[in-house]
Amino acid sequence: MKDIAIAAGVSRSAVSHTLNERYKGVFITDASRKLIKETAKQLGYIPNDIARSIKNGNTRMIAYLDQDMGRHDYTGKIMSGIMQRAAESGYHIKLFSPEINGTETTVNDLLRQRVSGVICRGVSNATLDILHENLCQYNTPYVLLHSGKGRKQGVFVATNDEDGCFQAALHLKEKGHKTIALIAGNIDPALPRISGFINAVNKLELQCTPELQKACNQSNISETIKQLRHLPESLRPTAVFCPTDTHAMYLLQALYDLDLKVPRDIAVVGYGGLHEGRLAAPRLTTVVQPFEQSGRKACELLLEQLDQEQPDCFSSRRLELLPIELSVEKST
C-alpha cells in the first residue's frame, strides 16, 4: 500500500480505506478513490483476503457438508442456490465430505479453517451430534438441509413431502386409479415420503395395502412387477408411486423390458423432478422439488444467524418447509 500511496500522491490511510471499501468516518473524494484504484491496478495490486480474514477474524467462508457429494445431479442445483446467495453477501463456499474424509477429520478441518457457518445435507444424526457439540463450543451457526429428522434443536430446511405425496395420490385418483402400488428401496414408515403417501391414500380412500408396498432395487424390480401383476384382480395395481425419480426410472425400464405400456397398462409417478425424468419415454410425471431454492433458503437462514449473539440452532428448533408441485407428464 505504501507504493500505491507514493504513486498516487495520497496518504497510506486513504489507500487502506479505499481498497478495503471502508469510508465510515473518513472523507475521500470520488476523484481520489478513482485515482487510488487505477494506480493499484497499474501496480498489479490484488487484495489478500486470507490476510484480511486473519486480521478481522472473519473468513467469510461457509462450509457445505454433503454425505453423497456429486453422486446425484440435484446436489449441483442445491450448491448453485447456496453459492448464489452467499456471493450476494460476499461469502464463499468450501466443500467438505464426511464420507470421504471421515467425520472427525471433517469437523476438525472446518474448525481449523475458522468457517463462518456450516450447511449440512444428507448427513447422519451421529455425524450431526459431533458437529453440533463442536460448533456450539465455538458459537458457529449451522443449518440442516434435508437432514436431522427428530432432532430437538436446530434450523432446518425441507420440502413439504406430506403435501407432495398427497398431490401425487390425488392426481392418480383423478385419473381413475383406485389400487396403487408403492415401490421404493426401503419401505420404512419412518421415512417422510413413505408415511406421507400411505397417509394420503388412506385419506383419499385408495388401496395401498402391505401386499402392494414393495422394497426392491434395480436388479430385482422386474421380479417385483411380475409379483404385482399376478395378484388377484381386486388387488392388482393400475398405478405405481415411487418416492424417488431414480426408482421410477428403474421401473419404467423394467416395464418396457416386460412389454408393458405406460400408462395404458400401468401408470407411474416419481418424486424429485430430476432431469432424467424429462428424457424418459414416456416423460415421467413427478413431484418437483425446488433444489436450488432450498439451497438458497438454507444459506439465507445461515446468514441471518451470523448476526445473532446466540444462533437459533443452539437455542431453539426452527423448520422452514418449502412448497412443491406436481409436474404432470405422459407416464400417467
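**Exercise 1.** In this predicted model, find which element gives the largest share of the lining of the second largest cavity.

*Solution.*
Step 1. List the lining: the second largest cavity is lined by Leu128, Leu131, His132, Tyr142, Leu144 and Arg151.
Step 2. Assign residues to elements: α8 (125-137) and β4 (142-145) each give two or more residues to this lining.
Step 3. Pick the largest share: α8 supplies it, with three residues.

**Exercise 2.** State how the lining residues of the second largest cavity divide into nonpolar, polar and charged, and give the space inside.

*Solution.*
Step 1. Sort the residues by class: four are nonpolar, one is polar and one is charged.
Step 2. Match the classes to names: Arg151, in the lining, belongs to a residue type counted as charged, and His132, also in the lining, to one counted as polar.
Step 3. Give the volume: the second largest cavity holds about 30 Å³ of space.

**Exercise 3.** Describe the largest cavity: its space, its lining and the elements that contribute to the lining.

*Solution.*
Step 1. Count the cavities: the structure has two of 30 Å³ or more.
Step 2. Give the volume: about 40 Å³ of space lies in the largest cavity.
Step 3. List the lining: Ile183, Ile225, Leu228, Arg229, Pro237, Val240, Leu251, Leu255 and Ile266.
Step 4. Name the elements: α11 (221-229) and α12 (245-257) each give two or more residues to the lining of the largest cavity, and α11 has the largest share, three residues.
Step 5. Sort by class: eight lining residues are nonpolar, none is polar and one is charged. Arg229 is in this lining, and Arg counts as charged.

Terms used:
Residues are numbered from 1 along each chain as its sequence is written. This is a predicted model: local features need pLDDT of at least 70, side-chain atom pairs count only at pLDDT 80 or more; totals for chains, interfaces and linings use all residues. Side-chain values use heavy atoms; hydrogens and water are left out. On a 1 Å grid over the protein atoms alone, a cavity is a set of points where a 1.4 Å probe fits but cannot get out, and a pocket is an open set with protein on both sides within 12 Å along at least five of seven lines; lining residues have an atom within 4 Å of a point. Grid points are joined across faces, edges and corners, and a volume is the space filled by probe spheres set on the points. Helices (H or I, at least four residues) and strands (E, at least two) are DSSP runs, numbered from the N terminus.
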